[in-house]
Amino acid sequence: MQKPLNFEELTPDEMLNASRDFRKKISRRRSVRHFSDRAVDREIIENAIKSAGSAPSGANKQPWHFAVAENPDIKKNIRKAAEAEERDFYHGRAPQSWLDDLKVFETDENKPFLETAPYLVAVFLQRNSIDADGGKHKNYYMPESVGIATGMLITALHLSGLATLTHTPSPMKFLNEIFDRPSNEKPFMLIVTGYPTKNVTVPDIERKPFQEISTFF
Ligand SMILES: Cc1cc2nc3c(=O)[nH]c(=O)nc-3n(C[C@H](O)[C@H](O)[C@H](O)COP(=O)(O)O)c2cc1C
C-alpha cells in the first residue's frame with residue numbers, strides 16, 4: 001500500500017538559504033567534555049529521540065533502542081563502570097599509537113561529566129527483532145541504520161541548543177545490565193548531553209578540506 005509523500009517544495013532561493021543556514025548551524029557542533037548540571041527540559045530529549053527514530057533503516061526494521069539515564073544513581077553507576085573500562089584502556093589495553101592520537105583531546109580515565117550532565121542517552125543496536133510471540137526476525141544493515149539514527153540524534157540535540165559528547169567506553173556491555181536490555185541488543189554509543197560549562201574550551205582541530213572529502217564526476 002502507498003500513501004502520498006508529505007513533500008515540502010521550496011523555491012530555489014529558499015533551498016540555497018536552507019542549505020547555507022543548516023551548514024552554518026551544524027558547523028558549530030563540537031564534542032564537549034565538560035558539562036554543567038543545569039536542568040534541561042525532558043521534552044527536548046524526547047523530541048530528539050523521536051527525530052532519531054524517524055531515520056531510514058534497512059527494510060524499516062528500526063533496529064535501535066534509546067535508553068536514557070536521568071536518575072543520579074543510574075548515572076553514578078554508569079560513571080563507575082565506564083571509568084573502570086577506561087582505566088584498563090588508558091593503562092594497558094590501548095596501543096601507544098592510539099594514546100598518541102588521543103593526546104590532543106586531553107582525555108583520561110576520569111569521566112565526571114557522566115554524573116554532571118543531565119542526560120545520558122545509551123543507543124542500543126538490535127541484532128534481531130523479537131515479535132510479540134517471542135519469534136526472532138532478521139534485521140538488516142544494523143550498524144548503518146543505527147549510525148544514521150545516532151547522527152540524527154546528535155544533530156537534533158545540537159539544533160535544540162544542547163552540547164553533546166559521543167562517548168564509547170569500550171567494552172560497553174555494562175550498559176545492558178544497568179539499563180536491563182536484552183542480550184540481542186549491543187550497546188552502540190553513549191550520547192552525553194546538556195549545557196556545556198561556562199567558558200569551556202574544545203581541542204583546536206581541523207576539518208579535512210572539501211576537495212579531499214568529495215569528488216564530483
Ligand atoms: C564513534 C565515536 C566514538 C567516540 N568516542 C569518544 C570517547 O569515548 N571519548 C571522547 O572524549 N570522545 C569520543 N569521540 C569524540 C571524537 O573525539 C570527536 O568527535 C572528534 O575528535 C571530532 O571532534 P568534534 O566532535 O568536536 O568535531 C567519539 C566520536 C565518535 C564518532
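I began with the ligand and listed the residues around it, taking a residue as near when its C-beta atom, placed from the backbone, lies within 6 Å: Arg30, Ser31, Arg33, Phe105, Thr107, Leu165, Thr166, His167, Thr168, Val202 and Ile205. Sorted by class, this shell has four nonpolar, five polar and two charged residues, where Ala, Val, Leu, Ile, Met, Phe, Trp, Tyr, Cys and Pro count as nonpolar, Asp, Glu, Lys and Arg as charged, and the others, Gly among them, as polar.

I note that this is a predicted model, in which local features need pLDDT of at least 70 and side-chain atom pairs count only at pLDDT 80 or more, while totals for chains, interfaces and linings use all residues. Residues are numbered from 1 along each chain as its sequence is written.

Next I looked up the secondary structure, read as DSSP runs (helices H or I of at least four residues, strands E of at least two) numbered from the N terminus, and I found eight helices and six strands in the protein chain.

I then turned to the largest nonpolar core, a set of buried Ala, Val, Leu, Ile, Met, Phe, Trp, Tyr and Cys residues joined through C-beta atoms within 7 Å, with buried meaning that 20 or more other C-beta atoms lie within 10 Å of a residue's own. This core has 37 residues, and Leu120, Val121, Val123, Leu153 and Val192 have the most contacts inside it. Among the elements giving two or more residues to this core are β2 (119-126), α6 (142-159) and β6 (185-194).

Finally I followed Leu120, which touches Ala69, Lys75, Ile78, Leu114, Leu190 and Val192, leaving out residues up to four places away in sequence; contact here means C-beta atoms, placed from the backbone, within 7 Å.

Definitions and conventions: A residue is buried if 20 or more other C-beta atoms lie within 10 Å of its own, exposed if 12 or fewer, and partly exposed in between; C-beta atoms are placed from the backbone. Two residues are in contact if their C-beta atoms, placed from the backbone, lie within 7 Å.
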